[in-house]
Amino acid sequence: MIRFICATLVLVAGLCLGAVLGGIWVWGALIYVTVFAYGVDRLTPVLLANAPADAEFPAADPLSVALALAHLVVLGLAVRSLALSDAPLPEKMALFLAVSLFAGQVGHPNAHELIHRSGRRLRQLGKLVYISILMGHHASSHPLVHHVHVGTADDPVSAPLGRGFWRFFGRAWLGSFKAGARAESKRRNAHAQGLHPYVIYIGGAAAVLGLAFAIAGPGGVLIWIAISGYAQLQIFLSDYVQHYGLRRRMQENGKPEPVGPEHSWNTPHRFSGALMLNAPRHSDHHTHPARVYPALQLDPETMPTLPYSLPMMAVIALFPPLWRSIMDRRVAMWAPGDTG
């Protein structure tokens, strides 16, 4: 657990100090989550060791709770600083980038862990984090759509071979929103009661923007929307990178084969893995969704592996020709003749 605690909380501390004091703290936080993270990943050996699959980590959930609460505090402090401080424009841009990267690369993986936990309060906290970045519907579309239909045409966030990220992004956002709503409506018709979750998601987003207005007026609202948009872009980049081209074969009964380790891309990089709470060990998460993040397994023999860290691959995905030159041949190795 010490890797996860240190990697994430150092960034939280830097962002809080940067939002309050500005100056070197802002630049330090941005360098930490970009240059430093990339350098450590490249210069240290990859981390292939696995904790015992059935191990328990009592500190895992408390860290997730602390990070979720810190996410909300960081957003509020950053919006106030960006809207109201008289810091130089380059410093404000650095703070915006650092906070947005934190929301997408730490806040999102952490909320993702929380919505998979068995405890209701933990799941609600994860939903709150997604609502705070104006994407509450992810708490429904991810478990009810993505985990059910991953690697098929019925999953809006499983990109087929050849589809560039910018073609994927708009379809995936709207598709996951609509598919999640349909799944929740179907579940409500079967047994659920109370408010439709989408009423909570949309109402929660309105409340968040009301809070942004209370903190810093119209400028605060625009800044909160901008940070949320950048965080959402990173969420869809992660989905794109982690499932590009890997398709489940259809069986004779017309149903897709069970989800296996070969249906997700993984990375074994040491620092980004700790910062993102082992989210890059994605195959094991899909085959064991309830497994606590420190115990996620990695086996390069059976799990497709990316050549660079997940954040670096996300940057490459922004340039479709470069992405395809790196990835299409790798897809062919893992899913020959079945990538549509």
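In which helix is the place of T8? The place of T8 is in helix α1, and the legends below, which describe close-up views of a predicted model, start from this residue.

**View 1. T8 of helix α1 and its surroundings in the predicted model.** T8, whose place is in helix α1, has a relative accessibility of 0% and therefore counts as buried. When its neighbours within four places in sequence are left aside, T8 is in contact with L63, L67 and V106, and also with A274, L275 and L277. One of these partners, L277, is found in the loop between α9 (270-275) and α10 (282-287), and L277 is shown again in the two views that follow.

**View 2. M1, in the segment before α1, and its long-range neighbours.** M1 lies in the segment that precedes α1, and with a relative accessible area of 22% this residue is partly exposed. Residues up to four places away in sequence not being counted, M1 touches F57, A59, A60 and L63, together with Y293 and P294. L63 is thus named among the contacts of M1 and also among those of T8. M1 and L277 are separated by 276 residues in sequence, while the distance in space between their C-alpha atoms is 9.7 Å.

**View 3. Positive phi values in the loop between α9 and α10.** Most residues other than glycine have a negative phi. L277, although not a glycine, has a positive phi of about 55°, and N278, likewise a residue other than glycine, has a positive phi near 65°. L277 is found in the loop between α9 (270-275) and α10 (282-287), and N278 lies in the loop between α9 and α10 as well. L277 is buried, with a relative accessible area of 1%, and N278 is buried too, its relative accessible area being 5%.

**View 4. A nonpolar patch on the surface, formed by residues from α1 and α2.** L17, V20, L21, I24 and W25 form this patch, and together they have about 530 Å² of accessible area. The elements that contribute two or more residues to the patch are α1 (2-21) and α2 (24-43), and α1 gives the most, with three residues. L21, one of the residues of the patch, lies in helix α1 and is exposed, with a relative accessible area of 58%.

**View 5. The packing of helix α8 against helix α11.** Helix α8 (residues 197-243) and helix α11 (residues 310-317) pack at an angle of about 95°, and their axes are 9 Å apart. The angle makes α8 roughly perpendicular to α11. On the side of α8 the contact is made by L237, S238, Y240, V241 and Q242, and on the side of α11 by L310, M313, A314 and A317.

**View 6. L125 of helix α5 and the residues that it touches.** The place of L125 is in helix α5 (residues 120-132), and with a relative accessible area of 14% L125 is buried. Not counting residues up to four places away in sequence, L125 touches V65, A68, L69 and L114. For the pair L125 and L69, which are 56 residues apart along the chain, the C-alpha atoms are separated by 8.6 Å.

**View 7. Salt bridges, including those of E113, E184 and D284.** The count of salt bridges comes to four, and among them are the pairs described here.

- The side chains of E113 and R117 meet in a salt bridge with an N to O distance of 2.8 Å. E113 is buried, with a relative accessible area of 5%, and R117 is buried with a value of 9%.
- E184 forms a salt bridge with R187, in which the closest N and O atoms are 3.1 Å apart. Both residues, E184 and R187, lie in helix α7 (residues 165-190), where they are three residues apart, about one turn of the helix. E184 is buried, with a relative accessible area of 4%, whereas R187, at 35% relative accessibility, counts as partly exposed.
- D284 and R291 meet through their side chains in a salt bridge of 2.8 Å, N to O. D284 is buried, with a relative accessible area of 3%, and R291, at 17% relative accessibility, also counts as buried.

Note on methods. Residues are numbered from 1 along each chain as its sequence is written. This is a predicted model: local features need pLDDT of at least 70, side-chain atom pairs count only at pLDDT 80 or more; totals for chains, interfaces and linings use all residues. Side-chain values use heavy atoms; hydrogens and water are left out. Patches are made of residues with over 30% relative accessible area and no salt bridge: like charges are joined within 9 Å, nonpolar side chains (Val, Leu, Ile, Met, Phe, Trp, Tyr) within 5 Å. Accessible areas come from the Shrake-Rupley method with a 1.4 Å probe; for residues, only the protein chains shown count as cover. Helices (H or I, at least four residues) and strands (E, at least two) are DSSP runs, numbered from the N terminus. Buried means under 20% relative accessible area, exposed over 50%, partly exposed in between (1.4 Å probe, protein chains only). Axes are lines fitted to C-alpha atoms, for helices over the stretch in contact, and angles run from 0 to 180 degrees between N-to-C directions. Angles under 35 degrees count as roughly parallel, over 145 as roughly antiparallel, 65 to 115 as roughly perpendicular and the rest as oblique. Contact means heavy atoms within 4.5 Å.
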